[in-house]
Amino acid sequence: MASKVDRIPENIDFSKEEEKTLKFWEEIDAFNNCLKQSRNKPKYSFYDGPPFATGLPHYGHILAGTIKDIVTRYAHQQGYHVERRFGWDCHGLPVEFEIDKLLGIKGPDDVEKMGIDKYNAECRKIVMRYSTDWERIITRMGRWIDFKNDYKTLYPSFMESVWWVFKELYNKGLVYQGVKVMPYSTACATPLSNFESGQNYKDVIDPAVIITFPTKEGYSFLAWTTTPWTLPSNLALCVNPDLTYFKIKEKGTGNCYIIQESRFPVIFKNIEDFVIQEKILGKQLKGIKYTPLFDYFVGKCPNAFQVLVDSYVTDDSGTGIVHQAAYFGEDDYRVCLAAGVISKDQEIVCPLDASGRFVEPVKDFLGQHVKDADKNIIAYLKSHNRLLQSGQVKHSYPFCWRSETPLIYKAVPSWFIRVEQMSQDLLQSSSDTYWVPDFVKDKRFGNWLKEARDWAVSRNRFWGTPIPLWVSPDKQEIICVGSIAELSKLTGKEISDLHRESIDHLEIPSARPDYPPLKRVSEVFDCWFESGSMPYAQSHYPFENKKEFEEKFPADFIAEGIDQTRGWFYTLIVISTALFKKAPFKNLIANGLVLASDGQKMSKRKKNYPDPMEIVNKYGADALRLYLINSPVVRAENLRFKEEGVRDVIKDVFLPWYNAFRFLMQNLERIAQEDKISYVFNEKVARENIMDKWIISFTQSLLQFVKKEMSAYRLYTVVPRLTKFIDHLTNWYVRMNRKRLKGENGLKDCQIAMDTLFSVLFDMVRVMAPFTPFLTDLMYKTLRQFLPGNSLESVHYNMLPEPKIEHVDIDIERSVQHMQTVIELGRVLRDRKTIPIKYPLPEMVIIHRDNTYLNDIHSLQQYILEEMNVRRLVLTSDKEKYGITLRAEPDHKILGARLKGEFKAVTQALKELNNTECEKLIAEGHIKLLGHHIDVSEVRIIFQAQGSNDCYEAHSDNDVLVLLDVSPDQEMLDEGFAREIINRVQKLRKKAHLVPTDDVNVYYYVNKTSDIIRIISSHREFIESTVKAPLLPIEQITPSKCIIIDETQELKGSELKLVITWRKEVEVPAISWVNIILQGLTPRYGTTSDRGCVLLKDKNKFIDIRRLYDEVRVLFGLYGLKFSLWCDGSEITKIENLSGKTLVASLLKPNSYKDSKSPFCKFVNVTSKKDSITVFVENPVGVYSLKGNDAVQLVSDYLQIDKSEIDNSLFK
C-alpha cells in the first residue's frame, strides 16, 4: 500500500523497460517460482516440437514460440501446472549437410575414408552451435520455457526410447524391408520421405525430348520425357489401354510413328504433312517389342523392351506414350513389376551411386551427375538418330529442403513402417483431436492421411539414431533390440552411447550353431522418426517416469506451422496410433507462414526482411508478439511481415493503454498532494454512474469472451477483442470521464471513478499478461502498491480474474454502443464541415423509429452534449418533420448470391419502393417482389433528405439518422476561440513535461488591438478553471518567477506569446546568467566538477560570444581545447536570449540533458541604491571561489559603496 505515489514518466522506451523487466524476472526467479507455485495443481501437458540449432531462429520460430507461450501462460493463470521443456533436434541432414560443406565431403565414400567416429565427432561439435543465441532470443521474446531441463535427440536416454518405439512397431509386424522408388537427394546422398519432398517445390526449366522407339514392324513409338538421364535405364513403354492411338506416316520421309490421337496435332503443328494410316486402341499395342535405346541392360531383364498398358497414362501431356525406367519412377516400378518386366527379388537396375553419378555399365556417361548428363545423353541420341524433337519445359519440381538441389526419384532399399494399412485408424485418431483452424485438419491433414503411404524411416547416413536391427548374412535371423540393457545382454558389452561409432562393431551370436554372428544394418533413423517419438523419448519412457508420462499423455496442446501437417504433426500421430491407437495430443494450433513484405519467402541472401532482434530492440518484444498474434497468420494464412505493423501496435495499442494508466497515476498523485489521501483500491465500491457501470460490465463481458475463446484456442478472435477493448477504455471511458477523474465533480465521485479505472486496469494487466508479459508486469508493479493487504510480486503469479456475471449489464452495454454510434456519426459531420470540436454548435437531432434506442441515447445525453459540444439534443422518431424519407437498396453480396440472374430486376423493384412501402417492409420484416420473398436482412434501408434545410447536415449508418445544426452564433464562436487558447496552453504544458499537480502561472502577451484580449477578458474564468492556473498579462511577471517554458504562436491572425512559470517565488541572480555543463570534455588544472555558471553582463552590458567562450575556458581549465557551446540542440550565435538557460560545452552536437531553471552554483544578490550585483560564492559546483572579506571587497568595488554597508554574513 503506497502513501507516496511515484511519478510515471511521460515518455517510455518499451524495449528498454522490457530489459529491466527481464532483470526483475531473473532476480525473483519468476518462471521457476511460477512452477513451484503450481506444483500441486492439475497438470496441463504441452509438447514443444524440437528445432535444429544449426541456424538462428526466424520469424516462423518466434511466431510459433509466441503462440505456445501465450497458451501455456494462460493455462498457468487458469490454475494448472504447466511443465514447459525446450527440445533440440540434433541429428539428421541439417547437421550432416553443414559438415559436408565444411569438410568438402562429396559422398558416403569420403565419410568411410575419414572414419565414422571422426565424422560424427565433427557433427557433435556443431549441433548446439547457436544454442546460446536461441536461448537469448527466446528469453528476450518473453517466452518462459525450461532450457536447463531440456531434451536433446542425441541423449542416450532419448535414443533408447526411440529404440523402444521401433521395437514395439516391429513386434506388431509394422516394420519391413523393401525397395521403393522414393524422392532422393543426391547432394545429401539419402532418400527423403514423401512429406519432406513436398515441402520445397520450385519452378524450373528442364529439357523436354521426344525419342523414337523403332519396331520390327517398321514404325516407331514416340515417347516424351523431361528426364533424359533416365533413358539409359529404359526397360519398357506404357500406353493407356482405353485411349485411341494413330499410326501416322510422314509424307516427305516415309517414316511411320505411333502417337496418341489428341497429342498428334500438339506435337506436330504441320499435320497436313502426315497421313493417318490406322486408328488403334491402346490395349492392341500391348506386348509389341521395340529396339532398346542402349544395350546396357539387354539380357538382364528377359521381358523388357516391350509395350505395357496402364490407365495412369493420360492424353494431356507428352505423346500419350510414357517411357518406363522401372527404378526411377513410382508408376514405372508398379507397372513393370505387375507386367513381370522386373521382380521383387532381382538385382536393382539402378546405374547410379549414392551421389547421383553414373556407374557401370553406363560406360558412355560414367561418373557424370544425372543433371549434368542430360545434355550429353541428348547429343548421343541425336547422333544415333533416335531424337525426334528437343526443347525445354517450365514446370514445378521438388527440391531438397536442406541442400536446395533438385531431387530425383530413385529405387532405394529401405526399412518401412506399414502406414497404408493404418489409414482408418489414423483418420479416427485425427478425428478425436481439435485443430485451430479446423479446415487444416479436415482438408489438408485429412486428405494426406487418406492417401498415407508406407513410411521409409531409414536413412543411409551416419549422424543419427542407428536402426536397432541385427541381421544374419543370409537374412534368416533378425533381432530387433529395444533397449541398452538388451543390447548389452546380447553382446556382453557395456554400452554408454548409441551412435554408430559406439555400436556398429557389436555383433550378436547366431542362435544357429556354426553360423556367423548377426551384424547391425547400416542405416540410421530418419530424424522425423525421432521427433515423432519425442512424447516418449523426452521422458525416457518406458524406462523411467512411467507414471508421470501416463498422467500427461496425450498432451493437452501442441502448436507449429502449417507446413508441419506433413511433418511433425503427421509423424506424431502415426507413431502414437501405431503404439496406442490414439492421437498423442488433444488440441493443436497450426499457424501460417511469415513472408517478406513483398510476399516472397524470407531470404537471408536477398535480405528482404528486417532482423527480428532489430525489431525487438526498436519496438520491444510485446509489440512484435501482438503484431504476429493479431494477424491472419494465426488462422493458418500467410502474413506479409511489415515493420510499420509493429510500430502501429505501439501507436494504436500500447501508448493509449500506457497513457490511461499514467493518467490514473497522475490523479492518484494529485489526491495525495491536494487532499492528503493515501489511496487504496476499493474493489467493492458502489457505482451509480452509467459509464462506470458500462466499463465494468464491458470488462466482465470481455473476461467471459476471453475465457470461452481461449478454451477453444481461438487466439485470432481473442486478440482483436482485447485490442478493441483498450480503444474503448482510452477513447471512450477515460476521455469522457476526465473531469470526474480530475476531481471536478467532488472527491467522492472522483474516488469512485478512480476505483473503476483501477479495477479495469488491474483486470486488464492480468488478462493481457499471457499476450504482453512485459508491459503488464511493468504496470502491475505500480498498481500492486495500491492493493489492500499483501500482493504477489509479479502479475504472472496472479490467476486470471473470474468474470463477475452479476456486473454484466447488457442494456447498458447496448446503450453505450448506441451513444458511440451517434457520436461517431456526429464527428463525421463536423469533419465534413471542418468545424473543430472546440466550437460549440446549437443543436443535434437523433432520429430513430425505435423508442428503446432513443431512451438509450437519453440516458447518456449529457455525455453526448459534452463530447459533441452542442447546446441541445433532440430525440425523435418523427423523420417527416425534418424532411427525411426512406429508400431501399439490395445487399448485393447476400441477395445477389441468392437470386443470381434475376437479381437485376429485383434490384430495380427495390429501388422503386416509396417511403410507405419501405416502412411496411421494416414493420413486417419481409416483402414480396416479382414473385420473390425478400427478407429485411437482405436489404439496406437508407435515409434520404427531401427539400432543403441549410442549417442541418445529415449522416446515417442506415439505422439511426443524425442531424447537426452547423450554424453557430457569435457567443458560440467566442467560446470556441477561448477553447483554442486553452488548447495552446495545454499543449505548452505538455511540451514542458508538466503534470496536473504542478503549480504554475501562465502569462500572455498579445497586441492591444487583437481580439484575443476581448476573448480572454470575457472567458477568463472558463480558461483558468480548465488550465488550472491563473492567466496573467506578461507585465506582471517578476524576476523571482522561474520561467519553465515560453513560446510565441500565431492564433487567429495575431501573435500570442505564452510564458509558463513556477507559481512559487524563486530567487534568481540579479544579473543575466547561464548554467554550463560539460559533455565529452574533462575539466582540468585541479577542477573536478563539470557544472558551473557564467554571468552574461558586465557593467549592465551583455558580454560577447568570444568573452563567453573565454569565461568557460577559465572556469573549467579548457585552455587550448576546441569546443562549441550549444543551447536547445543548436550552436549559440547570440547572447541576449540565453539568460536562465543551460548551455552545453562539447566537441560534437550534445546528447539530451536535464535542463535546470535555477543556477547550478550558490550565489548572493547584493543591491545598492543605484545598481545590483550577483556573486557566485561557489563556481564550478563544489569549488568555493570567494569567501568572506574577498567577496565583500569585490562587492564594494563593483557597487562603489563602503564595506560597512555590506552584510558580511551573506558570504559565510
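A salt bridge is taken here as a side-chain nitrogen of Lys or Arg within 4 Å of a carboxyl oxygen of Asp or Glu. Glu551 and Lys547 give a handy first example, with their closest N and O atoms 2.8 Å apart. The two sit four residues apart in helix H19 (residues 546-551), so about one helical turn separates them. Glu551 is partly exposed, its relative accessible area being 46%, while Lys547, at 60%, counts as exposed. All of this comes from a predicted model.

With that rule in hand, the count of salt bridges comes to 65. Another one joins the side chains of Asp13 and Lys16, at 3.5 Å from N to O. Here Asp13 is partly exposed, with 33% relative accessibility, and Lys16 is exposed, with 53%. Things look rather different for Arg461 and Asp100, as both of these residues are buried. Their salt bridge has its closest N and O atoms 3.2 Å apart. It also ties together distant parts of the chain: Arg461 belongs to the loop between strand E19 (458-459) and strand E20 (469-471), Asp100 belongs to helix H4 (residues 93-103), and the two positions lie 361 residues apart. Salt bridges also join up into a network, made of Asp48, Lys68, Arg143 and Glu560.

Next come the rings. The structure holds 65 aromatic pairs. In one of them, the ring centres of Trp88 and Trp134 are 6.0 Å apart and the planes stand at 80 degrees, so this pair is edge-to-face. Trp88 comes from strand E3 (residues 85-88) and Trp134 from helix H7 (residues 131-140), so to speak two distant parts of the chain, 46 residues apart. Both Trp88 and Trp134 are buried. Trp455 and Phe529 make a tilted pair, with 5.7 Å from centre to centre and 50 degrees between the planes. This pair, too, links distant parts of the chain, with Trp455 in strand E18 (residues 455-456) and Phe529 in helix H17 (residues 527-532), 74 residues apart. Trp455 is buried, and Phe529 is as well.

Ring pairs can also chain together: Trp164, Tyr536, Tyr541, Phe549, Phe553 and Phe580 are linked into a cluster in this way. Rings meet charges as well. The charged end of Arg512 sits over the ring of Tyr515, 3.9 Å from the ring centre, and the charged end of Lys781 sits over the ring of Phe24, at 4.1 Å from the centre.

As for the nonpolar interior, the largest core has 159 residues. Those with the most contacts inside this core are Leu624, Phe641, Phe654, Trp657, Met691, Met819 and Met844. Helix H23 (residues 643-674) supplies the largest share, 14 residues. Leu624 gives an idea of the packing: leaving aside residues up to four places away in sequence, Leu624 touches Tyr59, Ile62, Met141, Pro612, Ile615, Val616, Phe641 and Val646. Another core, of 68 residues, lies apart from the largest one and includes Val165, Trp415, Ile503 and Ala555.

On a wider view, the protein chain is divided into domain 1 (41-174 + 424-455 + 530-591), domain 2 (204-400), domain 3 (640-808), domain 4 (821-965), domain 5 (991-1065) and domain 6 (1073-1211). The C-alpha centres of domain 2 and domain 6 are 97 Å apart.

A few spots in the backbone deserve a look too. The peptide bond from Phe553 to Pro554 is cis, with omega near 0 degrees. Pro554 lies in the loop between H19 and strand E25 (555-561), and Phe553 has already turned up in the ring cluster. A cis bond, again with omega near 0 degrees, runs from Asn1179 to Pro1180. Pro1180 is in the loop between strand E49 (1172-1176) and helix H38 (1188-1199).

Positive phi values turn up as well. Lys676, though not a glycine, has a positive phi of about 55 degrees. This residue lies in the loop between H23 and helix H24 (690-711) and is exposed, with a relative accessible area of 69%. Leu930, also a residue other than glycine, has a positive phi near 50 degrees. Leu930 is placed in the loop between strand E32 (926-929) and strand E33 (932-935), and at 57% relative accessible area Leu930 is exposed.

How values were computed. Residues numbered from 1 in each chain as written. Predicted model: local features only at pLDDT ≥ 70, side-chain atom pairs only at ≥ 80, totals over all residues. Heavy atoms only, no water. Phe/Tyr/Trp six-rings, centres within 6.5 Å; stacked < 30°, edge-to-face > 60°. Buried < 20%, exposed > 50% of the residue type's maximum accessible area, 1.4 Å probe, protein only. Lys NZ or Arg CZ within 6 Å of the ring centre and 35° of its normal. Core = buried A, V, L, I, M, F, W, Y, C linked by side-chain atoms within 4.5 Å. Contact = heavy atoms within 4.5 Å. Domains from an automatic or database assignment.
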